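Reader: I have a structure to go through and I'm new to this. Can we take it piece by piece?
Author: Yes, ask as you go.

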Amino acid sequence: MKEFTFQRAARVRDALDQVAGTAGAKFLGGGTNLVDLMKNEIETPTRLVDVRGLPLSGVRVAADGGLVVGATTSNSDAAAHPDVRRRYPAVSQAILAGASGQLRNMATIGGNLLQRTRCAYFTDTSQPCNKRVPGSGCPAITGVHHNHAIFDWTDHCAATHPGDMAVALTAFDAVVRYETLDGTGQIPLADFYLPVGTTPHLETKLPPGALITAVTLPKADVA
């Protein structure tokens, strides 16, 4: 693992400033994906800004009857929340199906959405990978490709998104809220992930330096 600096942010603005001020800086939630990739030097951030202390945790009912899930809410807390279980059961079930209890306790909702789309070749640094080094090639096209994409893949990448939660949230028309130094924004989760195209290393429509602050779900009619 390469050397990096570590900071904790107490306010959203502080976190945005700390990332914007350093090339190669990244936000750190639970770290269940990012830290693993750092150990193999697949990800090499120069600075980690811990956002778990920001006031972005919890689940609440919105004024329109929908649900707001804070970005730093743990996967375990989101899955166990009564309103999630009753009104959006597929989301709770998808989270519970996605990882062990230990990982769910650490992983955050925002971080889960940003885990890297990957395959075994992405984590094998002895092999080329367009996601790690753009233009180096995709060995999955002619190599071992069990569990790789069967729709919307290209010659540049055939990896699949590893998350279960994002699929369920998309089915419920969830929206991702984010904040940047220039203000706030939102992206429907159905439009959040970029098509592979010729740039598989670019994975989402989040602006550079943006911090996910919440995921919102529209009102669900339940008995």
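Reader: How many aromatic pairs are there?
Author: The count comes to two aromatic pairs. Rings of Phe, Tyr and Trp (its six-membered ring) pair if their centres lie within 6.5 Å; planes under 30 degrees apart count as stacked, over 60 as edge-to-face and the rest as tilted. Before we go on: this is a predicted model, where local features need pLDDT of at least 70 and side-chain atom pairs count only at pLDDT 80 or more, while totals for chains, interfaces and linings use all residues. Residues are numbered from 1 along each chain as its sequence is written, and side-chain values use heavy atoms, with hydrogens and water left out.

Reader: OK. What kind of pair do Tyr88 and Phe172 form?
Author: Tyr88 and Phe172 are edge-to-face, with 5.3 Å centre to centre and 90 degrees between the planes. They are 84 residues apart, so to speak of where they sit: Tyr88 is in the loop between helix H4 (82–87) and helix H5 (89–98), and Phe172 is in the loop between helix H8 (165–171) and strand E6 (175–180). Helices (H or I, at least four residues) and strands (E, at least two) are DSSP runs, numbered from the N terminus.

Reader: Is Tyr88 buried or exposed?
Author: Tyr88 is buried, at a relative accessible area of 1%. Phe172 is partly exposed, at 22%. Buried means under 20% relative accessible area, exposed over 50%, and partly exposed in between (1.4 Å probe, protein chains only).

Reader: And what about Phe192 and Tyr193?
Author: Phe192 and Tyr193 also form an edge-to-face pair, at 5.0 Å centre to centre and 85 degrees between the planes. Phe192 is buried at 0%, and Tyr193 is partly exposed at 24%.

Reader: New topic, sheets. What is the strand order in the sheet of five strands?
Author: The order is E4-E5-E8-E6-E7, in an open sheet with antiparallel pairing. Two strands pair if DSSP finds at least two bridges between them.

Reader: Which strands stand at the edges there?
Author: Strand E4 (59–61) and strand E7 (183–188) do; each has a single partner strand, so one side of each has no neighbour in the sheet. Further in, strand E5 (residues 67–70) and strand E8 (residues 211–217) are joined by four bridges. Val69 stands opposite Val215 in E8.

Reader: Does anything touch those two valines? I mean, what is Ile109 in contact with?
Author: Leaving aside neighbours within four places in sequence, the contacts of Ile109 include Val69, Val215, Ile95 and Met165. Contact means heavy atoms within 4.5 Å. Ile109 is found in helix H7 (residues 109–113) and is buried, with a relative accessible area of 3%.

Reader: What about the sheet of three strands, what order is that in?
Author: That open sheet has the order E1-E3-E2, and its pairing is parallel. Strand E1 (5–8) and E2 are the edge strands, each pairing on one side only. Neighbouring strands are turned by 25 degrees against each other on average, direction ignored. Axes are lines fitted to C-alpha atoms, for helices over the stretch in contact, and angles run from 0 to 180 degrees between N-to-C directions.

Reader: Which residue stands opposite Phe27?
Author: Val49 in E3 does. Likewise, Ala25 stands opposite Arg47 in E3.

Reader: And which helix lies across E1, E2 and E3?
Author: Helix H1 (residues 12–20), running at about 150 degrees to E2.
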